Amino acid sequence: MTDQPGGSPHDSARDVSAPARTRESPEPATADTTGFTDLYDRYFHDVYRYVAGRLGPDAADDIAADTFVIAFRKRDSFDVARGVARAWLLGIATNLVAQHRRKEVRRYRAMARATPDDHTDSHESRVIDQADAARLRPQIAKALAGLSTGDRDVLLLVGLGALSHDEVAQALGIPYGTVGSRLSRARKKVRAALGQEGRLNG
C-alpha cells in the first residue's frame, strides 16, 4: 500500500478488541499534512475495527488504508465545523465495503453455517462477540446476510461503528429520518430471525 498518510505502521490497530480512542479533544484539521496525520492516528483503529467486523481482518488493513488515501485526496472538501471526521471516514469505508458486497454476504453465510465451537479467539471473533453472544453469532450472521444493503449499512454503522443517527446520516449522505426507518426495519428483521431460530431450536 503506497501513499499512506502519516507513513507510520499500524500493526497495533490490528487489536480490534481494544476500546475506541477517546474523541473528547478537538477534531484535527484535515487541510494540512500534519493535521491529517493526527486524524489518521486518532481514527485508523476505528475504521479498521468497522471494516474487520464486516469483511474480516484480512481485508481490513487494505480497505482501512484506502479509506485514508481517499480521505487525504478529498481533505479540502471536509469542513470540521460541519461534521465529525469519524463519520466522514466511516462513510468512505462503507463505500469501499460496497465493492465487496458478495464477499461480505458469503462471509455471513459461512458464519451462519458454523457452530460456536468453530470460532477461535481471533481478532474477528472479538469484534463480533459481545458477552455471551457467541452462541447467537450464526443466527446474527444469517440475519445480516438477509438484510438489504442500505439496512445493513445503517445497522452496522450504529453497531460496529458506534455512530449516532446524525453521524450515520452524514456518513451515508441520507436524511436523518431514513436512518431511523432503516435501523428500525433492520432491527426487526434481526430480532425476528433470532426469535424464529430460537423456536426451531427449542
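**Helix packing and core of a predicted model**

Helix α4 crosses α6 in a left-handed sense. The structure is a predicted model, and this helix pair is a convenient place to enter it. The axes of α4 and α6 lie 7 Å apart and meet at an angle of about 150°. Angles over 145 degrees count as roughly antiparallel, so α4 runs roughly antiparallel to α6. On the α4 side the contact is formed by V105, Y108, R109, M111 and A112, and on the α6 side by R137, P138, A141, K142, L144 and A145.

Both helices also contribute to the largest nonpolar core. This core has 50 residues, and the members touching the most others are V47, Y50, V51, F68 and L89. At least two core residues come from each of α1 (33-55), α2 (57-73), α3 (85-97), α4 (101-113), α6 (137-145), α7 (149-159), α8 (165-172) and α9 (176-201). Helix α1 gives the largest share, with eleven residues.

Y50 shows how one core member is surrounded. Beyond its neighbours within four places in sequence, Y50 contacts L90, A93 and T94, and also D153, L156, L157, L160 and G161.

Confidence varies along the chain. The protein has a mean pLDDT of 76, with 67% of residues at 70 or more. Helix α8 has the highest confidence, at a mean of 95, while the lowest is in α5 (residues 123-128), at 46. Residues 1-24 stay under 50 in pLDDT, yet the model gives this stretch 50 contacts beyond four places in sequence. Residues 198-202 are also below 50, and there the model has one contact beyond near neighbours in sequence.

How values were computed: Residues are numbered from 1 along each chain as its sequence is written. This is a predicted model: local features need pLDDT of at least 70, side-chain atom pairs count only at pLDDT 80 or more; totals for chains, interfaces and linings use all residues. Side-chain values use heavy atoms; hydrogens and water are left out. A nonpolar core is a set of buried Ala, Val, Leu, Ile, Met, Phe, Trp, Tyr and Cys residues joined through side-chain atoms within 4.5 Å. Buried means under 20% relative accessible area, exposed over 50%, partly exposed in between (1.4 Å probe, protein chains only). Helices (H or I, at least four residues) and strands (E, at least two) are DSSP runs, numbered from the N terminus. Contact means heavy atoms within 4.5 Å. pLDDT is the predictor's confidence in each residue, from 0 to 100. Axes are lines fitted to C-alpha atoms, for helices over the stretch in contact, and angles run from 0 to 180 degrees between N-to-C directions. Angles under 35 degrees count as roughly parallel, over 145 as roughly antiparallel, 65 to 115 as roughly perpendicular and the rest as oblique. A crossing is left-handed if the near helix is turned anticlockwise from the far one by less than a right angle, and right-handed if clockwise.
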